[in-house]
Every structure is written in C-alpha cells, then in structure tokens.
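Trainee: Could you take a close look at one loop residue for me, and then walk me outward from there through the rest of the model?

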Amino acid sequence: MDELEFRRRLLADPQDQDPEVSAAKADSPANQKLATELENLDALIDQALRVDVPDDLVDKVLFKQSSDVIRENRKPKFHLAIAASIAFVFGVMLGQFNWQTLPISPIQQNLGQIALQHYYNEAPFALAANEGASIQQVNAKLSPLGKSFSGSLPGTVSYLNHCSFNSKHAVHMVLKDENGDDFTVFVVPQQTPEMETYSDGNMEAISLPTNNSSVIVVGKEGADIMPIAEQLKLHLNQKA
C-alpha cells in the first residue's frame with residue numbers, strides 16, 4: 001500500500017483495522033504518527049459533539065405556549081452551546097490537519113511554494129529511503145499522467161511515489177546525483193506559462209513547463225538545480 005492510499009484509508013476511517021492498513025502503519029514512523037493524530041482527532045470530534053440536552057427540554061416542547069418569555073430567553077443558550085461545539089471541532093481540525101497538503105489557490109502560491117511544503121512534510125521518510133527505482137518503475141508511476149521519461153535520469157532514484165499536489169495527482173521522487181546530493185522532483189499535470197522559482201532562504205524550487213505539465217526540482221539554496229530541471233524537462237515526453 002503506497003502513502004497516498006494509506007492516507008486516504010485513514011482519513012475515511014481513522015479506526016480502520018484492515019491488515020494492509022495495520023502493516024503500512026507498522027512499516028513507517030510517519031504513518032504511525034499520522035494514525036495517532038487522526039485517532040486523537042476522531043476522539044476529540046466525538047467528545048465535542050456530545051452536547052448535553054437541557055433537563056427541561058421536554059417541558060419546553062410540550063408547554064411552549066405557556067411562557068414565551070422564558071422560552072425565548074433559554075433558546076439562545078442552547079444554540080450557543082451547539083455553535084461553540086462546532087467552532088471547537090473546526091478549530092481542532094484545522095490544527096490537526098496543518099501538516100496535510102491541502103488544495104491551495106494558484107493565485108496565492110506558485111508551484112514552487114507548494115513543492116517546498118511537500119518537501120518539508122515528506123522529507124523525514126522520503127530522504128531516508130533507498131529504493132533504487134529503475135526508469136521502468138518511474139515510467140509506471142508516470143503512466144496515469146500520460147507521461148514517460150526517455151533516456152537516463154540525472155541521478156539514481158532513491159524514493160518514488162504518487163502524491164496529491166495542489167489537488168492534482170502527481171509523481172514525487174528523490175534523485176541522488178553523483179556527489180550524493182539529494183534533489184526532490186515533482187511531475188505535476190499543471191503547466192505554468194513560464195519558468196517559476198521560489199526560495200525560503202534554505203531550500204530552492206524551480207518549475208519548468210513542458211507538455212501540459214510541469215517539472216519541479218527542489219534542492220538546497222545555491223545548489224546547481226537548473227541543469228537537472230532542464231534535463232528532466234528535455235526527456236519528459238507525452239506517452240504514446
């Protein structure tokens with residue numbers, strides 16, 4: 001089970017006890033952390049939605065005509081309790097899901113900014129991987145996007161997976177060059193009008209448009225990223 005499917009399963013049911021889900025959880029500290037956070041969130045939501053019913057609710061319904069003043073004075077309190085509970089749940093969800101890659105308006109952020117968010121969210125397990133994926137495996141991941149690489153890649157593929165990128169299905173991989181430096185690569189089915197760059201002072205991202213898609217490369221600030229991005233763009237083809 002890949003990371004994307006694991007996240008979808010847990011988001012649908014944090015209590016999912018399927019053997020595949022349990023195995024994926026045990027195989028990765030990041031997956032264990034995600035499962036724990038979702039279980040805690042599920043418990044908080046359940047607790048927040050347990051709104052106590054006022055003791056005199058039945059009397060108020062059966063004899064509502066007996067005292068309009070009392071009824072109108074008490075009604076806002078009950079509504080406020082519900083509103084407070086909903087606000088609490090919404091706040092908890094925002095706090096818990098801060099790590100998650102949510103759809104972000106292109107007007108607010110360019111692809112480089114989104115790529116850096118992915119990099120920081122997934123670096124703990126992506127950079128530690130050593131999969132040694134082949135070009136055939138890379139092209140198999142690219143197949144749903146209608147893309148493929150021809151020729152050789154500018155480094156060895158130490159990590160390869162699908163991901164959700166700005167609400168689009170994308171491919172995420174990590175390349176190690178001949179010096180052992182890591183470069184995180186995203187192939188996204190969204191083409192920008194021109195080259196984009198973004199830096200946060202620590203990491204830098206370059207996005208190049210190609211064949212109705214974009215190739216985005218993330219590396220350390222000051223690293224020689226452009227040759228890798230240009231070579232990937234040159235060899236990324238529309239699948240026949």
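Mentor: Sure, let's begin with a polar contact: a polar atom of the T192 side chain sits 3.0 Å from the backbone oxygen of E194. This is a predicted model, so keep that in mind throughout. T192 belongs to the loop that runs between β4 (182-188) and β5 (196-199). Loop or not, T192 counts as buried, because its relative accessibility is 6% and the cut-off for buried is under 20%. As for what surrounds T192, once you set aside neighbours within four places in sequence, the contacts are L111, S207, P209 and S214.

Contrast that with another loop residue, G151, which is found between β1 and β2. G151 has 53% relative accessibility and so counts as exposed. Its C-alpha atom is 9.7 Å from that of L234, a residue 83 places away along the chain.

Back to L111 for a moment, since L111 is among the contacts of T192. Helix α6 spans residues 111-126, and F125 lies in that helix, while Y159 is in strand β2 (residues 156-165). Now for the aromatics: the whole structure has three aromatic pairs. One of them joins Y119 and Y120, edge-to-face, with 5.2 Å from centre to centre and 75° between the planes. The two partners differ in exposure: Y119 is buried at a relative accessible area of 13%, whereas Y120 is partly exposed at 38%. F125 and Y159 make another edge-to-face pair, because their planes meet at 65°, with the ring centres 6.1 Å apart. That pairing ties together parts 34 residues apart in sequence, because F125 is in α6 and Y159 in β2. Here both partners, F125 and Y159, are buried.

Strand β2 comes up again with the next helix. Helix α7 covers residues 135-142, and V138, N139 and L142 are buried there. Looking down the axis of α7, you find the buried residues inside an arc of 95°, so they line one face of the helix. The spacing fits a general rule: an α-helix has 3.6 residues a turn, so residues three or four places apart point the same way. What does that face of α7 meet? Its buried residues pack against β1 (147-149), β2, β3 (168-176), β4 and β8 (236-238).

Two of those strands, β3 and β4, are worth a second glance for charge. A search of the whole structure turns up one salt bridge. It links K176 and D182, whose closest N and O atoms are 2.6 Å apart. K176 is partly exposed at 24% relative accessibility, and D182 is partly exposed too, at 28%.

Stepping back, the protein has eight helices and eight strands. Of its 240 residues, 39% count as buried. Taking contacts between residues at least 6 apart in sequence, 52% join residues at least 24 apart.

Last, a word on confidence. Mean pLDDT for the protein is 77, with 72% of residues reaching 70 or more. Over residues 96-107, pLDDT stays under 50, and the model has 21 contacts beyond four places in sequence for that stretch.

Conventions. Residues are numbered from 1 along each chain as its sequence is written. This is a predicted model: local features need pLDDT of at least 70, side-chain atom pairs count only at pLDDT 80 or more; totals for chains, interfaces and linings use all residues. Side-chain values use heavy atoms; hydrogens and water are left out. Rings of Phe, Tyr and Trp (its six-membered ring) pair if their centres lie within 6.5 Å; planes under 30 degrees apart count as stacked, over 60 as edge-to-face and the rest as tilted. Buried means under 20% relative accessible area, exposed over 50%, partly exposed in between (1.4 Å probe, protein chains only). Helices (H or I, at least four residues) and strands (E, at least two) are DSSP runs, numbered from the N terminus. pLDDT is the predictor's confidence in each residue, from 0 to 100. Contact means heavy atoms within 4.5 Å. A polar contact is a pair of N or O atoms within 3.5 Å; within protein, one must be able to donate a hydrogen and the other to accept it, and residues adjacent in sequence count only if both atoms are side-chain atoms. The arc is that of the directions from the helix axis to the C-beta atoms. A salt bridge is a side-chain nitrogen of Lys or Arg within 4 Å of a carboxyl oxygen of Asp or Glu.
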